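Hi everyone, thanks for having me. I'd like to walk you through one protein chain today, so please pull up the picture and follow along.

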Amino acid sequence: MTATGDLIIGIDAGTSVIKAVAFDLSGRLVASSAIRNKYTMGAEGAATQSMPQTWADCAAAVRGLAGEVDDLAVRTAAVALTGQGDGTWLVGRGNEAVTDAWIWLDARAAPTVSRLSRGADERTRFEATGTGLNTCQQGSQMAHMDARYPELLDAAEVALHCKDWLFLNLTGVRATDPSEASFTFGDFRDRRYSDTVIAALGLDARRHLLPEIIDGAQETRPLSADAAEATGLLAGTPVSLGYVDMVMTALGAGVHTGDAGAACSTIGSTGVHMRAVPSNKVHLNAEGTGYVICLPVPNLVTQVQTNMAATLNIDWALSLAGDLLAERGETPSHAELVARMDNWLDHAEPGALIYHPYISEAGERGPFVNADARAGFVGLSTGHRFPDLIRAVVEGLGMAARDCYAAMGDMPTELRLTGGAARSVALRRILAATLNTPIRVSTRDEAGAAGCAMMAAVAIGAYDDMDACIAEWTTPHLGRTEAPDPELVRVYDSLFASYRLAREVLTPVWNGMASHRAAMARDAAG
């Protein structure tokens, strides 16, 4: 099939924002539209999202794009989708939501993850998927539902992910993609479901809930009449189901451009660290953690380790400053506080403190899994001031990135960096020195939306293959090389061993504090 329009719309349904982005067929960003996303935190670590509202917000983002681009409907050659990964979006009769989606932040499956991780078949499951168990994943969440809330699965006809739910609303087709299918329920080598994996999760009786697998770089489905009315696009427009947002962002940012040893980190709300390798060269660590996520390139996968929280740590630290300034009658915006950050970093001693960036209430998932892990400083003294805390927080993100890459083998020979935090010169210097790796910032705007749009571009025949698309959409957007500072490299090499040791010996402390919190909650409820 060949393109008949001159634009591709990439939809990136993230945790905070749903974006609809128009690109021309050579990869130039034309316009974008965004709608703030909404989710709810609840008791026992619940994190849920309204499925009908998410679809309504997605449609609104596309309609908003039409206000930015003349004749958007007739100019659209294809629509492509990516979105937040993991989570469980249950669909029942009439393609209606069974309940609010359990998103990736939901921590309720922690006891089930603990039970499954001790199972006799856990290592076999890990070697098939390349992915360690954690509370984020659909497999863990469904196993927990099966044990605690079976009525939810009983009412469901299919279990989807966020982008799959939007694809269903756009096309009427129940499907998922090879990336989420294989790292949750399958084998990354053949990109299919695995009986062994499903059995290890105890979900044999729920296998009928797993949808068909569609590769959006090879095939599309037509936009339905109902979706055309909701979005303002033309019925029949090809829709490509992209891969999970982590790998789409990495594809758009340069995780694979043909350079051996290159890697890509996204420093956003979470920290995502990945390298592209042939599927027969995957390094599976002894701890059984991380992800292996397929790329929309034959026989190529990404090894991935993800920190549960990255810039969320910076947001927390800056909120302390905001609270104190508010007591003096000042109300600086978050952007104003961020603008001060590089100055604070420059006025603090490198490596003076250790900070573990486990600020999420869901704990940590990379390069180790512990739902009880929590953030903290090590080494405080009376001489330390707020800039020292800020610097330690940012250095903690660098240490966490090094911890993740170490679990995947050697440090990368070059790191491609994306995410909002990549704009900070000081943060880039810290990351480069912590990993002792040159950094190049990807200037590709909206890398996640671009990644899925690239899949659609290949699917509709605008490019012969993904490598040809990468050469035009991705490689030209890589910035200049920023070399690591040798003095900082020595500081962080010395500090990293203590960072690792401290997080290992703190495990019983975290577990004890979790027991204490649980006891306090019981007392309050009783």
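Let's begin at one spot: Ala483 sits in the loop between β24 (478-482) and α18 (486-505). The labels come from DSSP runs numbered from the N terminus, where a helix is H or I with at least four residues and a strand is E with at least two. Ala483 is exposed, with a relative accessible area of 64%. For that word, and its relatives, the cut-offs are these: buried is under 20% relative accessible area, exposed is over 50%, and partly exposed is in between, using a 1.4 Å probe and protein chains only. Now look across from Ala483 to Arg440: they are 43 residues apart along the chain, and their C-alpha atoms are separated by 9.0 Å.

Quick housekeeping before we go on. This is a predicted model, so local features need pLDDT of at least 70 and side-chain atom pairs count only at pLDDT 80 or more, while totals for chains, interfaces and linings use all residues. Residues are numbered from 1 along each chain as its sequence is written, and side-chain values use heavy atoms, with hydrogens and water left out.

Okay, zooming out. How many helices and strands does the protein chain have? The secondary structure comes to 19 helices and 24 strands. The radius of gyration is 22 Å, close to the 24 Å that the globule rule gives for 526 residues, so the chain is as compact as a globular protein of that length. That radius is taken over C-alpha atoms, and the rule is 2.2 Å times the number of residues to the power 0.38. If you prefer a box, the C-alpha atoms fill one of roughly 65 × 55 × 55 Å, taken along the principal axes.

Of the 526 residues, 58% count as buried. Then there are contacts, meaning heavy atoms within 4.5 Å. Among contacts between residues at least 6 apart in sequence, 72% join residues at least 24 apart.

Next, a buried helix. Why do I call helix α15 largely enclosed by the rest of the structure? In α15 (residues 425-435), 9 of the 11 residues are buried, so that's the reason for the wording. Among the buried ones are Leu427, Arg428, Ile430 and Leu431. Just after α15 you hit Asn436, which takes a positive phi of about 50°.

That brings me to other backbone angles. Asp86 has a phi near 60°, a positive value in a residue other than glycine. You'll find Asp86 in the loop between β6 (76-83) and β7 (89-91), and it is buried, with a relative accessible area of 4%. Arg191 also has a positive phi, about 60°, although it is not a glycine. Arg191 lies in the loop between β11 (186-187) and β12 (192-193), and at 17% relative accessibility it counts as buried.

Now the rings. A search of the whole structure finds 10 aromatic pairs. Rings of Phe, Tyr and Trp (its six-membered ring) pair if their centres lie within 6.5 Å; planes under 30 degrees apart are stacked, over 60 edge-to-face, and the rest tilted. Trp316 and Phe377 make a tilted pair, 6.5 Å centre to centre with 40° between the planes. Trp316 is in helix α12 (residues 311-327) and Phe377 in strand β21 (residues 376-378), so the pair ties together parts that are 61 residues apart in sequence. Trp316 is partly exposed at 31% relative accessible area, and Phe377 is partly exposed too, at 24%. Those two form one aromatic cluster with Tyr355.

Buried or exposed: what about Tyr358 and Phe368? Both are buried. They form an edge-to-face pair, 5.3 Å centre to centre with 85° between the planes. While you're in that region, find Pro367, in the loop between β20 and β21. The peptide bond from Gly366 to Pro367 is cis, with omega near 5°.

Last stop: Glu68, in the loop between α1 (51-66) and α2 (72-75). Glu68 is exposed, with a relative accessible area of 56%. What does Glu68 touch, not counting residues up to four places away in sequence? Ala31 and Ser32. And for Leu234, which is 166 residues from Glu68 along the chain, the C-alpha atoms are separated by 17 Å.

That's my tour, thanks for listening!
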